[in-house]
Amino acid sequence: MSFFSLFDLSVLDTTIRLATPLLLACLAGLFSERAGIFDIGLEGKMLAAAFFSAAFASMSGSVWVGLLAGIGASLLLSTLHGLASITFRGNQLISGVAINFLAAGLTVLIAQSWFQQGGRTPSLLTGARFEEITLPFTKILGGIPYLGRIYAELISGHSILVYLALFCVPGTWYILFRTRFGLRLRAVGENPAAVDTAGVSVIGLRFAAVAICGILCGIAGAYLATGLQAGFVKDMTAGRGFIALAALIFAKWRPWHALWATLLFGYLQAIALRPDIIESAFGFKVQVQLLDALPYILTVVILAGFVGKAIPPRAGGQPYVKER
Amino acid sequence: MDVMPKWAEVVLIPFISLALAAILSVIVILAIGEDPIAAVKLMVSGSLGSTYGWGYTLYYATNFMFTGLAVAVAFHAGLFNIGGEGQAMLGGLGVALVCLLVPWPHWTLALFAAAVGAALFGAAWATIPAYLQAKRGSHIVITTIMFNFIAAALLNYILVNVLRPKGSMDPATERFSETVHLPSLHDLLAPFGINFSKAAPANVSLIIAVIACILVWLLIWRTALGLEIRSYGKSGRAARYAGIGSLRITMIAMLISGGLAGMMAINNVMGEAERLVLNAVEGAGFIGIAVALMGRSHPFGIFLAAILFGFLYQGGAELALWTKIPRELIVVIQALVILFTGALDNMVRMPLEHIFLAIQRSRSAKITKPVD
């Protein structure tokens, strides 16, 4: 065993799986925060989506119905967040806290009422889960040393939502930096008054951003319950919404950097599952608790500005009041 | 913007917000197929119907008074301290170290030292977020969230690797010695001829919490520092113009806030568990947000809100015990309270302001009539 076992294909494979929900949630937060709406309710939206996707997939037997239900639930919470922070100009952070608790409580309450299994859904069977997809030519290319193996074992064999999440990275970049909508969305997060003066609806743009955030969180939650695992269990997001938030700061609100940040945090989660590998690579034990805390510590360091300052969108967190 | 009379501000708006939260909670109970009237009856009898129930209600309320005050002091300085959970965890560590390392001759001395230890550790955990906010402009909400997770990992490490007694599998410290045992309400009330339940965990910390409420009231409304904190919270720019240093106020407010959150540990760690366990705080740091919002950041309001949440917590436990309603109902109610008293405050306020404005107009119209 050596240092290179840290980059074992199985560890990297797990990294991709664990990074996917982080990436989707991180991009979700990116849309919202770029439009000037802070969202610490990513966790709650993912949790709600995880429950409703698992519940509907279990009842209908179709994972696609589950995905739609998950997105619907997440969108509903997004609407609530938009209502509180855009329409009624309330405190966006407090609204996010409320949404997290609402999701944490309601998912268990409804799960208990629907399934009577102690706040969880029944285990999902084939068809109610996202299956792994084998990409074409895996068999032929798999024989090639190194690159072929990477293709067959690392790139191929994930559920469709993993590829969707990866596709969302250039997608987000294109929308934000190459379309008119994206330009306006970023402008509304920096200087809403200017956007308003140009005759574009600040409220409309912000609601659109919050809705996109809801859809992406919905997919993230659905992936957790129907892709990564087979069913919903209480509090299954386990802080992933906050790690995504940390990744967003780490990435300084940029899509490609979000990918790298979530892959890094996904890697930390993956390696924490394999203490044997760490020990053989470094020759000493690294505390699991340190690995758990590392994303948060790194984020604080970034926030402190020691490794390049993270500057959030300027109008973030402030409700827009039209001057009369 | 003094459109509304003071009574509407202090009583009417919180009442309407709470009523909305209560109505939605009833709808939730109905939706999961349970009887809300029976549920409320059970909650009341379970938490207020006996001294045993009261003992638990007041025990929870003690926790929430500390964390509620913590959130409120930061609110007054315009800061949102969401890190009460982590600060209370560290406070627990402070209490455990004080109780385990020193052979205390009497509980009074131990309580004093433990309170100081808890406050110091809690305040220390708030120092870095406060400093980064004041000096580097890093958003305190994000840093305190991060520090909650770091605190959980740190405590996990310390309990598993350092403070766990040899041979024990439980990630917890050993039991504190008998001499640091805090008197419960049973012990305190017995000399007055009141037979309070022996099994309930409410203890002398309740009195400390009430004293803390009074001290925070004095600090915020009766001292120069309190005035500075409030003016900084109302407008940082105006305060700076008046010579109030933002670094100083941010640090002081956050240290007091962290200290108060940490002091919760004298109740749950020293008063109840009598050892430090992994999940000692049980979300009380977050409930402090709901309590502070509901109490409008005023110590008296926080006192009442803490007792209400204590009632909800104990009532929720009874519900989980006797009915099919899970304990998470309380989390939902807590979320609704935060939503309506915090985030959707304007939803209640805007229509009321319109009504009061209309009343004022019609009144002034009546007054001006005789003139012409």
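Let's start inside chain B, with α15(B): 16 of its 16 residues are buried, so this helix is largely enclosed by the rest of the structure. Bear in mind that we're looking at a predicted model. The geometry of α15(B) checks out too: at 1.5 Å a residue, its 16 residues should span 22 Å, and the end C-alpha atoms sit 21 Å apart, which agrees.

What surrounds that helix? Step back and chain B splits into domain 1 (1–34 + 329–357) and domain 2 (51–323). Taken over C-alpha atoms, the centres of the two domains of chain B are 26 Å from each other. Where they meet, 10 residues of domain 1 of chain B are in contact with 11 residues of domain 2 of chain B. On the domain 1 side of that meeting, α15(B) gives the most, with eight residues. Sorted by class, this domain 1 side has six nonpolar, three polar and one charged residues.

Now for the neighbouring chain. The contact between the chains takes 34 residues from chain B and 38 residues from chain A. Which helices of chain B supply at least two residues each to the side that touches chain A? They are α5 (107–136), α6 (140–163), α15 (328–343) and α16 (345–368). So α15 turns up again here, having already featured at the domain boundary. By class, the chain B side of this contact holds 24 nonpolar, seven polar and three charged residues.

Cross over to chain A and you'll find 14 helices and two strands. Its radius of gyration is 20 Å, close to the 20 Å that the globule rule gives for 324 residues, so chain A is as compact as a globular protein of that length. Along its principal axes, the C-alpha trace of chain A spans about 70 × 50 × 40 Å. Of the 324 residues in chain A, 52% are buried. And if you take the contacts in chain A between residues at least 6 apart in sequence, 77% of them join residues at least 24 apart.

Two loop residues in chain A deserve a stop. A:D235 isn't a glycine, yet it has a positive phi of about 55°. You'll find A:D235 in the loop between α10 (202–228) and α11 (240–250) of chain A. With 15 other C-beta atoms within 10 Å, A:D235 is partly exposed. A little further along is A:W253, another residue other than glycine with a positive phi, this one near 60°. A:W253 lies in the loop between α11 and α12 (255–272) of chain A. Is A:W253 buried or exposed? A:W253 is buried, with 22 other C-beta atoms within 10 Å.

Methods:
Residues numbered from 1 in each chain as written. Chains lettered and ligands numbered in written order. Predicted model: local features only at pLDDT ≥ 70, side-chain atom pairs only at ≥ 80, totals over all residues. Contact = placed C-beta atoms within 7 Å. Helix = DSSP H or I, 4+ residues; strand = E, 2+ residues; numbered from the N terminus. Nonpolar A, V, L, I, M, F, W, Y, C, P; charged D, E, K, R; others polar. Domains from an automatic or database assignment. Rg over C-alpha atoms; globule rule 2.2 N^0.38 Å. Buried ≥ 20, exposed ≤ 12 C-beta atoms within 10 Å, placed from the backbone. Expected span 1.5 Å × (residues − 1).
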